[in-house]
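Visitor: Hi, can you show me around this protein? I'd like to hear about its pockets and its core.

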Amino acid sequence: MLELDHLAVSATTLDGGVAAIEALLGVPLAAGGEHPAMGTHNRLLGLGPELYLEVIAIDPAAPAPDRPRWFDLDNFTGPPRLTNWIVRAGDMAAGLTAMPDGSGVPMALSRGDLRWQMAVPEDGKLPFDGVSPALIAWQGAAHPAAMLPDVGCRLLRLELFHPQAADLQAVLSPVFSDPKVSFHTAPDIALRALIDTPGGRVTLS
């Protein structure tokens with residue numbers, strides 16, 4: 001079975017994304033790191049023992065990769081917003097067989113003590129206009145959520161909106177079931193997260 005691993009907020013600049021999320025949630029984000037293979041960097045926020053949020057942006061100090069960046073960041077514009085959700089598999093190869101076509105090919109990545117594989121589409125674009133989840137498989141016991149300070153934020157609900165939301169749910173249902181995640185057929189594509197914070201419940205979209 002696949003499990004919800006983390007949420008991704010895309011931004012045109014990391015500082016701008018961090019400022020927007022800190023203002024919305026009322027808590028500080030923790031340090032993240034760089035992803036040289038993708039030319040991106042991030043900051044992190046714990047959402048519980050095995051769940052976290054990342055703010056991610058193109059790193060202007062890093063060389064551009066020789067391929068499209070993940071999460072379609074090469075084409076991202078506008079204000080910081082929730083663009084992606086990521087599920088984890090115990091085994092990358094097995095997990096990919098259950099994912100929608102076009103979910104990507106595995107890349108081996110590392111940062112500090114963290115080792116993982118990530119399935120990245122060749123064009124950087126995830127299926128269902130990016131509403132389909134990205135797939136990750138952590139190597140070993142280390143996981144970012146366990147390394148982050150608990151600032152009192154918890155994910156209550158993740159809502160996914162897409163004209164073919166029912167088709168996406170049907171593909172994932174044999175391997176993914178989480179009461180916090182719901183699929184909604186709608187003309188407009190969107191991701192929306194309801195998060196409990198020390199200052200109250202906040203909607204991130």
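Guide: We'll take the pockets, then the nonpolar cores. Keep in mind that this is a predicted model.

Visitor: OK. What volume does the largest pocket have?

Guide: About 410 Å³.

Visitor: How many residues line the largest pocket, and which lie nearest its centre?

Guide: The lining has 21 residues. Nearest the centre are F71, D72, R81, T83 and D129.

Visitor: Which elements give two or more residues to that lining?

Guide: Two strands do: β5 (81-88) and β11 (190-197). β5 gives the most, with 4 residues.

Visitor: And what classes of residue are in the lining of the largest pocket?

Guide: There are 9 nonpolar, 8 polar and 4 charged residues.

Visitor: Next one. How much space lies in the second largest pocket?

Guide: About 180 Å³.

Visitor: Which residues line the second largest pocket?

Guide: From the start of the chain numbering, L2, E3 and L4 are among them. G48, P49, E50 and L51 also line this pocket. R88, S177, D178 and K180 complete the list.

Visitor: How does that lining divide by class?

Guide: Into 4 nonpolar, 2 polar and 5 charged residues.

Visitor: Switching topic. How many residues are in the largest nonpolar core?

Guide: 44 residues. W85 and L158 have the most contacts inside this core.

Visitor: Where does the largest share of this core come from?

Guide: Helix α1, residues 14-25, which gives 4 residues. Another core lies apart from this one, with 23 residues.

Visitor: Which residues are in that other core?

Guide: Among them are L44, F71, L73 and L109. You have met F71 already: that residue is also one of those nearest the centre of the largest pocket.

Terms used:
Residues are numbered from 1 along each chain as its sequence is written. This is a predicted model: local features need pLDDT of at least 70, side-chain atom pairs count only at pLDDT 80 or more; totals for chains, interfaces and linings use all residues. Side-chain values use heavy atoms; hydrogens and water are left out. On a 1 Å grid over the protein atoms alone, a cavity is a set of points where a 1.4 Å probe fits but cannot get out, and a pocket is an open set with protein on both sides within 12 Å along at least five of seven lines; lining residues have an atom within 4 Å of a point. Grid points are joined across faces, edges and corners, and a volume is the space filled by probe spheres set on the points. Ala, Val, Leu, Ile, Met, Phe, Trp, Tyr, Cys and Pro count as nonpolar, Asp, Glu, Lys and Arg as charged, and the others, Gly among them, as polar. A nonpolar core is a set of buried Ala, Val, Leu, Ile, Met, Phe, Trp, Tyr and Cys residues joined through side-chain atoms within 4.5 Å. Buried means under 20% relative accessible area, exposed over 50%, partly exposed in between (1.4 Å probe, protein chains only).
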